[in-house]
Amino acid sequence: MRMIATIKDVKAEVKKAKQEGKSIGFVPTMGFLHEGHLSLIKKAREENDFVVVSIFVNPIQFDVKEDLESYPRDLDRDCKLVEAAAVDVLFIPSMEALYPEGYSTYVEVTGDMTKQLCGKSRNGHFKGVTTVVLKLFNIITPDHAYFGQKDAQQVAVIKKMVEDMNMDVEIVPCDIVREKDGLALSSRNVLLQDKERQDATILSKSLLKAKEMIIKGERDAAKIRASIIENLYKIEKAQIDYVEVVNAKTLESIEKVKGEILIAVAVKIGKPRLIDNIQMHIS
C-alpha cells in the first residue's frame, strides 16, 4: 500500500493503473474507521482491480465548530486497518491541498432533497459534502465509489449530483453494518457513555417496530412516524432531531407507504447525534 498526501502523486498512481487496464474502486472516508468502513473497502476490493481509500475530515460540512473539533481521529490505527484490507493507495490530503488560500468554488444540490432530514438542522452540510466528493471524484476518477447506506440522504444527494453533472462514476450503496444489539456502526458511537450506549439501541428497535407495522399492513405514514417517536421518547436523554417517512429516491415526504420508501431518524443521546434508517419496497 502507498500512502500519498499530494494530489499530483495520487493522480499519477491512478493514471498508471488505468493505463494498465485496471478498474478503479474508491472509498472516501473521514477516518476513525470501523467495520462499516471496512465492509465498503472489502466490496471495493472484490469488484475492482485497484482500490483507493481517502481519509479527510472535511471542515466545510460541519455547521458547528465544536462538532468538527470533537470528531474522533486516529490516523495510525486507520492506516493499519487500511493496509490490512489490501488497499492499493491511501490518499490523505491536507486542508491546504483541497482548499488552498483563495478557494471559492462550491457545488450544491438544491431543492427539497437537501432541505429535508439532516438538511433541516445542519445548515450547509450537504453543500460541503457534494463539494468535497466532487473534488475527490475529479482527483481519483473512479469507476465505482462506495458509500454506506447508514447515510442514506448523503447517498441520494451524491447520486443526484453524479446524474446532474453527467459524471462517469457508478455510486454503489452498501448495507448498514450493525453491532450485535442492532446499533448502527458510526465513528461517533465512541462518544457515547455507558448508559447512553445502551440507550442508543432504541433507534434500531424503533425502526424494526415500524417495519413490523408495515409488514402487518399499516400504510399510514403518520401512524408509523408517531409509533417511532413514542418509542424514542422512552429514553429520557433522547432529543429527537427528526423522524421521517419519505420516498427513498427523492426524499419527499409521503402520506401513504408505497413503492421504495426510507424511514429515517436522527436523535441526540447525550452529546453525539446519531442517525439510522431502514429502506423497504412496498407493492
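# A guided tour of the model

Start by selecting N166, which sits in the loop between α9 (152-164) and β6 (170-174). The model is predicted, and residue numbers count from 1 along the chain. N166 has a relative accessible area of 69%, so it is exposed. Show its backbone: phi of N166 is near 55°, a positive value in a residue other than glycine. Most residues other than glycine have a negative phi.

Next, select A86 for another case of this kind. Its place is the loop between α4 (75-84) and β4 (89-91). The phi of A86 is positive, about 60°, although A86 is not a glycine. With a relative accessible area of 42%, A86 is partly exposed.

**Aromatic pairs**

Now display the side chains of the aromatic residues. Rings count as a pair if their centres lie within 6.5 Å, and by this rule there are six aromatic pairs. Select F26 and F137. The ring centres are 6.4 Å apart and the planes stand at 70°, so this pair is edge-to-face. Where do F26 and F137 lie in the chain? F26 belongs to strand β2 (residues 24-29) and F137 to helix α8 (residues 125-140), so the pair ties together parts that are 111 residues apart in sequence. Colour by accessibility, and both F26 and F137 come out as buried.

Move to F62 and Y71. Their ring centres are 5.9 Å apart with the planes at 75°, so F62 and Y71 are also edge-to-face. F62 is buried, and Y71 is buried too.

Then select F56, Y99, Y103 and Y106 together. These four residues are linked into a cluster by ring pairs. Keep Y106 in view and add K127: the charged end of K127 sits over the ring of Y106, 5.1 Å from the centre of that ring. For another charge over a ring, select R77 and F32. R77 lies over the face of F32, at 5.4 Å from the ring centre.

**Strand β2 and the loop after β3**

Go back to strand β2 and select T29, which is found there. Is T29 buried or exposed? Its relative accessibility is 7%, so T29 counts as buried. Draw a distance from the side chain of T29 to the backbone oxygen of S54, and the value is 2.9 Å. Leaving out residues up to four places away in sequence, T29 touches H37, V53, S54, I55 and F56. F56 is also one of the residues in the ring cluster.

From there, select I60, in the loop between β3 (50-55) and α3 (65-70). I60 has a relative accessible area of 24% and is therefore partly exposed. Which residues does I60 touch, not counting those up to four places away in sequence? They are Y99, Y106, G124, G128 and T131. Y99 and Y106 are members of the ring cluster already selected. For a sense of distance, add H281: the C-alpha atoms of I60 and H281 are separated by 34 Å, and the two residues are 221 apart along the chain.

Now select K65, which has its place in helix α3. At 58% relative accessibility, K65 counts as exposed. From K65 to L203 the C-alpha distance is 26 Å, with their positions 138 residues apart in sequence.

**Helix α8**

Finish at helix α8. Select V133, which is found in this helix. V133 has a relative accessibility of 6%, so V133 counts as buried. Its contacts, not counting residues up to four places away in sequence, are F147, I158 and M161. Add K216 to see a long span: V133 and K216 are 40 Å apart, C-alpha to C-alpha, and 83 residues apart in sequence.

Last, show helix α1 (residues 7-19) alongside α8. How do α1 and α8 pack? Their axes are 8 Å apart, at an angle of about 55°. The two helices, α1 and α8, are therefore oblique to each other. To see where they meet, select I7, V10, K11 and V14 in α1 with N138, I139 and I140 in α8.

Terms used:
Predicted model: local features only at pLDDT ≥ 70, side-chain atom pairs only at ≥ 80, totals over all residues. Heavy atoms only, no water. Phe/Tyr/Trp six-rings, centres within 6.5 Å; stacked < 30°, edge-to-face > 60°. Helix = DSSP H or I, 4+ residues; strand = E, 2+ residues; numbered from the N terminus. Buried < 20%, exposed > 50% of the residue type's maximum accessible area, 1.4 Å probe, protein only. Lys NZ or Arg CZ within 6 Å of the ring centre and 35° of its normal. Polar contact = N/O pair within 3.5 Å; in protein donor to acceptor, adjacent residues only side chain to side chain. Contact = heavy atoms within 4.5 Å. Axes fitted to C-alpha atoms, helices over the stretch in contact; angles between N-to-C directions. Parallel < 35°, antiparallel > 145°, perpendicular 65-115°, else oblique.
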